[in-house]
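User: I've got a model open and would like to talk through a few parts of it. Can you take my questions one at a time?

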Amino acid sequence: MDRRNFFKIVSTVSGAVATNACGDKKPLIPLLVPENGIVLGEEQWHPAVCTECGAGCSTIARVMAGERVIERGEEKFRERIASIKKIEGNPLDPVSGGRLCARGQAALQSLYNPDRLRGPMRRNGTRGEAKFTAVSWDEALKSVADKLKAYSGDQILFLTNAPQGTRALTIQRFLEALKAPPARSCGIGDFALERKAAETVFGWRGVPVYDLANAHYVLGVGADFLGGWLSPVYYSRQFGEFRQGRGGVRGHLVQAESRMSLTAASADEWLPVRPGSEPHLIVALSRMLLDEKPAGQLPDAVAQSIRTADLAALIRTCGIEEKRLRGIAHELGTSEAPLVIAGASVVQSNSFEALAAAHYLNALLGARGVLPPQPEPPSAPASGNVLEAMKRAKVLFLDGENPAYVLRAAQSLGALDLIVSFGSFLDDSAAYADVLLPAHHALESEAAVVPLGLGGVAVTQPFVRPLYDTRPIGQILGQLGVAFEAVNVKDYVAPMLPADQTWENVGRQGGYWKQNSGEAKVTAKELKWSEPVFAGKPEEFPLHFQPYLSLQFHDGRGANLPWMQELPDPVSSAMWGLPVEIDPKTAEKLKIATGDWVRVESGSGHLEAPAYVHPAALPGVVSMPIGEGHTHYGRYASGRGANPLAIVSPVWDGAAGEFAFGATRVRVAKLERKPALIQFSPQDREQGPWGER
Amino acid sequence: MGGKVSEHRWGMAIDLDRCTGCQACVAACHAENNLPVSNPEQAALGRAVHWIRVDRYYEGEFPNIRVKHRPVLCQQCDEAPCEPVCPVYATYKNPEGLNVQVYNRCVGTRYCANNCPYSVRFFNWFDPEWPEPLQLQHNPDVSIRESGVMEKCTFCIQRIKRAEEEGANNLQPACVQSCPAEAMVFGDLNDPESKVSQLAENSRATQFLEELGTKPKVFYLERVK
């Protein structure tokens, strides 16, 4: 579907009949389609919003007739319903431009997942045993409402991964009515450090937007913006333009990262910096530039800190040759449109300092490509140390977050008085719940979502009937004995609209969007950097361990999608299980080959997984994609592979208190077990011990 | 058919300087073409099916190592090695230059897959499973293949047909449509004005394993060094 054709559809939906170019009459589609409005073989397209990550891409869903089997008692019969066949990007949305990432497209398999919860349930086994009995909504809601009365304030903890928008605001109002603290997220993949750095340096509320498409020379530091950082679809589109979209100018990308990410792989040059040396790299480059040019917008105190930095020590820490760094500093300093994009795809104890230092470096360069975000409404869930909050809590509400998986919080979950989950699946954390109150799936709900940093709002209204006995989240919360008003999409969106947009239009288009513009003005006056802190003694645990957000599963929530399980891993081509990535020198020393089973041990635990000898891994740095290793998450994910987050020691970012999940040291040992690693790529299969297909 | 000269000759250009290796194309192909999903046991035997895959090559040694990505799909060869070896004419060249697979003619000799230098043909070793209600996602425009037949990329022939029937001018296979970096371009090689024809003439344009003489209709624009 391209922009013009989709626009043709959406701009004619409101009428009853329209005339096409050939002059014959075609029935038009009302916004809310009754099931019997589906004509076999005819397709309809409806706007939706992707919630597979927090980027907030507007999408369009292709709806056609489908058949499902329903069971009533002993009887089974087939029913024809409107079903979603495919999800594409919304061509009117400048974030996606009609394009969509693999995970966004696979959201379909979350909606039609065979392991979705069919209705409310109550625990009938011990905590964590995951035994539940189906109950009526009345009974389930009453049991929660009765218990909830006894708790208030800090005793209530609400974890959600809802992006900015109606769902987050509904939850906020519910919590305000309960006099409970604001909702929080688990802190992986929610970019709290990026927000904090933008707020500290520029006074912005939200994540900055980078104008990659118009830059000439870009230095990326720690931000896998083509993989899973912020909005991969937006940045991939920008990247295409940056590379080949402008006649005569081809953008040059230098990527500094402690692992060969998708972004590093696409870069013209990769700087394999040591984990936690990102601030050092940026300060070193700033120092080299300051030796040659005036300080520009840089505050005096910051310029002074940079000038007095020990350059030789900085260079030693990041492990890159001085000559190479000088070359990059020179190129950045002389480029017509330089830009530094720093992020914390893997969070270290000093990541905040790297992000702040990068903002200063952009100021020094006079980079014009750092754009202010659309200010976030105050309903943003805070992250920070969720484990601490969980210790104080007695009642836990789970909405899409999975602390048992992400934060190894199973023990804390066991100690709570009441756990209620609104998720569509029985996951690692919901297994500890007392009551499951499944809300409608995102593709069955109405919602407005504010794209991450980018201007505008994406809107969806229900267009397929909910498959199961689920309810809208606002309705569920409203029936827990707390008086509050759930947010209605129209009421949320209408006040945000400029004069030239009407609610009706926005509803049909799937949202409205506006360009980010404005200047980045440094308001802070301080630059600090520190040595990274790692858990575990180097003599005991000689290797660094970096779990990272995977392309397929993000923070683990995509693991129950069969398409994503079968999507070959971009690094190792692995399917149905992810390996530990080990550099060739370490592998040789430990006599490990690709496919061998290894035990990875930290001070906090151990895991077992197949090894992948990664030719581009940093010596002494072991990485592992996040996503597998769920105790509970349906047939496709349960009991498959290992969870790298399960052996991460709790280190918290010094400046912002965020979970530094890349700050653990480990040791690796080979296990005497039959090699096993399922790979797709023909060349890997030929090299592997399992022969050709 | 019958020797009629078609007005179209479908081709594709993939700009490797734009491609990030994100595999959006792979997921799009699964959704559009009802590709079977395997399981760990079958996948371990090399029976997983991806009509399009992203090959990645590591060149050099750390720290001077580079990664190259290349989406590989059926190259729709003009001189297709898969065609002459099929004993039942299940694979042949259609009038628009597409190398097509007739599922109900295929008897499963697998000679074609054996002869394909690009490893883009897949045999159905098992009947695919779609646990209820996963079948609701099926695209009704594309048939579900059962065990015993070969399958491969069709350049989304159902989209080509729909576009021809409806007179639409926005024809794109699912992979091209989804590509966030807009690295893929599809079009008519017979139309010299089409973007794909122009890209095929680009100085960076190459064909994959062109030395084999397969004459692919997929053109790769090499990454700028």
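**Strands and contacts**

Analyst: Let's start with a hairpin: β23(A) and β24(A) are joined through 2 residues. Keep in mind that this is a predicted model.

User: How many bridges join β23(A) to β24(A)?
Analyst: β23 covers residues 597-602 of chain A and β24 covers residues 605-613. The two strands run antiparallel, and the number of bridges joining them is 6.

User: And which residue is the bridge partner of A:Arg599 in β24(A)?
Analyst: β23(A) is joined to β24(A) by a hairpin, and the pair is antiparallel. Within β24(A), A:Arg599 has as its bridge partner A:Glu608.

User: Which residue does A:Arg599 stand opposite in β26(A)?
Analyst: β23(A) also pairs with β26 (residues 664-670) of chain A, with 5 bridges in an antiparallel arrangement. In β26(A), the residue opposite A:Arg599 is A:Ala669.

User: Over to the contact between chains. Which element gives the largest share of the side of chain A that touches chain B?
Analyst: Chain A puts 55 residues into the contact and chain B puts in 50. Elements giving two or more residues on the chain A side include β4 (58-72), β5 (75-89) and α7 (232-244). The largest share is 8 residues, and it comes from α7(A).

User: How many residues on that side of chain A are nonpolar?
Analyst: The chain A side that touches chain B has 11 polar and 13 charged residues. The nonpolar count there is 31.

User: What ipTM does the model score?
Analyst: For chain B, the average pLDDT is 95, with 98% of the residues at 70 or above. The model has a pTM of 0.94, and its ipTM is 0.96.

How values were computed:
Residues numbered from 1 in each chain as written. Chains lettered and ligands numbered in written order. Predicted model: local features only at pLDDT ≥ 70, side-chain atom pairs only at ≥ 80, totals over all residues. Contact = placed C-beta atoms within 7 Å. Helix = DSSP H or I, 4+ residues; strand = E, 2+ residues; numbered from the N terminus. Nonpolar A, V, L, I, M, F, W, Y, C, P; charged D, E, K, R; others polar. pLDDT = per-residue confidence, 0-100. Pairing = 2+ DSSP bridges.
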